[in-house]
Amino acid sequence: MNPLLATLGGKLTERWLNLLVLPGALFLAATAVGTTLGHRHWNDIDRLRTTLDDLATRPALDRTGTAALLVALVLLTATAASLAAQFLGGVIEQYWLRFARDPLSHALVDRRRRKWGRREQELDAAYPVTRTDAEDGDGVPTPAETFARIQALTDARNRVALRKPTRPTWYGDRMQATADRVEAAYGVDLAALWPRLWLILPEPAVRHIQSAHDSFSAAARLAAWAVGYALLACWWWPAALVAVGCAAVARSRARGALDALAGLIEAAVDVHGRELAGRVGLMGADSAGLLGHEAGDRMSELFRKAE
C-alpha cells in the first residue's frame, strides 16, 4: 500500500507543479520584474541586479524559518494565480461557446453573417466555368485550377463558419453546425442525445473526446494568461508582447481542439447512435440499416421527457 501511495503522491505533486505552480511562478516572476523596472527602465538589467542584491543582503533572509516561509508564500501565491487563471479560463470557454442573448452578441452575429454571405457568393461564382474570348489570350481553366480555387474559397468561408452563423463566435457556430448536421442526418436532438450516448461509448472513444475537450480547456486557460499579461503591460510594456503571443497560440489551439472535438462527437453519433436506439428499445437488435429519422425523432421525444 505504501508504494501505491508514494506513486500517487508523486503523480499528484508532478501535476500540481506542472499545472499550477510553474505557470503561476512564471507570471509572478514577470510581475516582479515588470513592477521593478517599469516602462521607463524596461530593459535596465543593472537596476534589476541591484534590486536582487539588496534583497539578498537583508538579515531576515539568513534565517531558515524566514526563507522557508518566503518559499511557501511564493508557492501559495503562484498556486493562487494559476487557480485564478483556471477560473478565468472557464469563463472564457463559456464566452466562446455562448449564444446570442445581448445586443453586442447579436451585432457580432450580423457582422459574421454578412462576411459569411460574401464568401458564399464568391464560392457560388467560382463554380461556373466559362470560356473567355480567344483574343484575351486566356484559356479555359483546367479542372485542377478550378478545384484549387473552389477549395481555397471553401476554406475561406469555413474559417467564418461551416454554416450560416447563428452564434457570435466561430467556436459556438462549429458546435452548432455539429448539432445541425446530426439533426439533418438522423432527426435527433444532439443536446438530448449526448448524455445518454456518452454512457455507452467505449473507452477509446471516451479517451479521445476527453483529450480534445482538455485541449480546448487548456487553450482557454492560455487565453486567461494572456489577459493577465495584458494587465501587467500597464506597468511594463514588454508584457504586451507575451500577451499577444499567448492570445495567438490560444486562438490557434482552441480552433484545432474544438474542430477535433466537434468531429469526434459527430463520429460518435454516426457509429454508436444506432446502438443507443437499440438499447432504449426503439430499434430491434436484428434490424438493418442506418439510424433513421423516425427512430431519431422518437429518441428526441423520449430523452426530452416531453418538454
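The following dialogue examines two residues and two pockets of a predicted model.

Student: Why is His272 called buried?

Tutor: His272 has a relative accessible area of 14%. Buried means under 20% relative accessible area, and therefore His272, at 14%, is classed as buried.

Student: Where is His272 found, and which residues does it touch?

Tutor: His272 is found in helix α9, which spans residues 238-279. Not counting residues up to four places away in sequence, His272 touches Leu197, Ile200, Leu201 and Pro202. Contact means heavy atoms within 4.5 Å.

Student: Why is Glu93 said to have no salt bridge?

Tutor: The nearest side chain of opposite charge, Arg221, is 6.8 Å away from Glu93. A salt bridge needs a side-chain nitrogen of Lys or Arg within 4 Å of a carboxyl oxygen of Asp or Glu. At 6.8 Å, Arg221 does not meet that cut-off, so Glu93 is buried yet has no salt bridge.

Student: What surrounds Glu93, and in which helix is its place?

Tutor: Glu93 has its place in helix α3. Leaving aside neighbours within four places in sequence, Glu93 is in contact with His213, Phe216, Ser217 and Ala220.

Student: What is the volume of the largest pocket, and which lining residues are closest to its centre?

Tutor: The space in the largest pocket is about 570 Å³. The pocket is lined by 23 residues, of which Met175, Leu190, Trp194, Leu261 and Ile265 are the closest to its centre. Two or more lining residues come from each of α3 (64-96), α6 (170-186), α7 (190-200), α8 (203-232) and α9. Among these elements, α6 provides the largest share, five residues.

Student: What makes Met175, Leu190, Trp194, Leu261 and Ile265 count as nonpolar?

Tutor: Met, Leu, Trp and Ile belong to the nonpolar class, so these five residues are assigned to it. For the whole lining of the largest pocket, the classes are 14 nonpolar, four polar and five charged residues.

Student: How many residues line the second largest pocket, and what is its volume?

Tutor: The second largest pocket has a volume of about 410 Å³. Its lining has 17 residues, and the closest to the centre are Arg112, Arg159, Trp170, Arg251 and Arg255. At least two lining residues are supplied by each of α4 (103-126), α6 and α9, and α4 gives the most, with five residues.

Student: Why do Arg112, Arg159, Arg251 and Arg255 count as charged?

Tutor: The charged class consists of Asp, Glu, Lys and Arg, so these arginines fall within it. By class, the lining of the second largest pocket has nine nonpolar, one polar and seven charged residues.

Terms used
Residues are numbered from 1 along each chain as its sequence is written. This is a predicted model: local features need pLDDT of at least 70, side-chain atom pairs count only at pLDDT 80 or more; totals for chains, interfaces and linings use all residues. Side-chain values use heavy atoms; hydrogens and water are left out. Helices (H or I, at least four residues) and strands (E, at least two) are DSSP runs, numbered from the N terminus. Buried means under 20% relative accessible area, exposed over 50%, partly exposed in between (1.4 Å probe, protein chains only). On a 1 Å grid over the protein atoms alone, a cavity is a set of points where a 1.4 Å probe fits but cannot get out, and a pocket is an open set with protein on both sides within 12 Å along at least five of seven lines; lining residues have an atom within 4 Å of a point. Grid points are joined across faces, edges and corners, and a volume is the space filled by probe spheres set on the points. Lys and Arg count as positive and Asp and Glu as negative; His and the chain ends are not counted.
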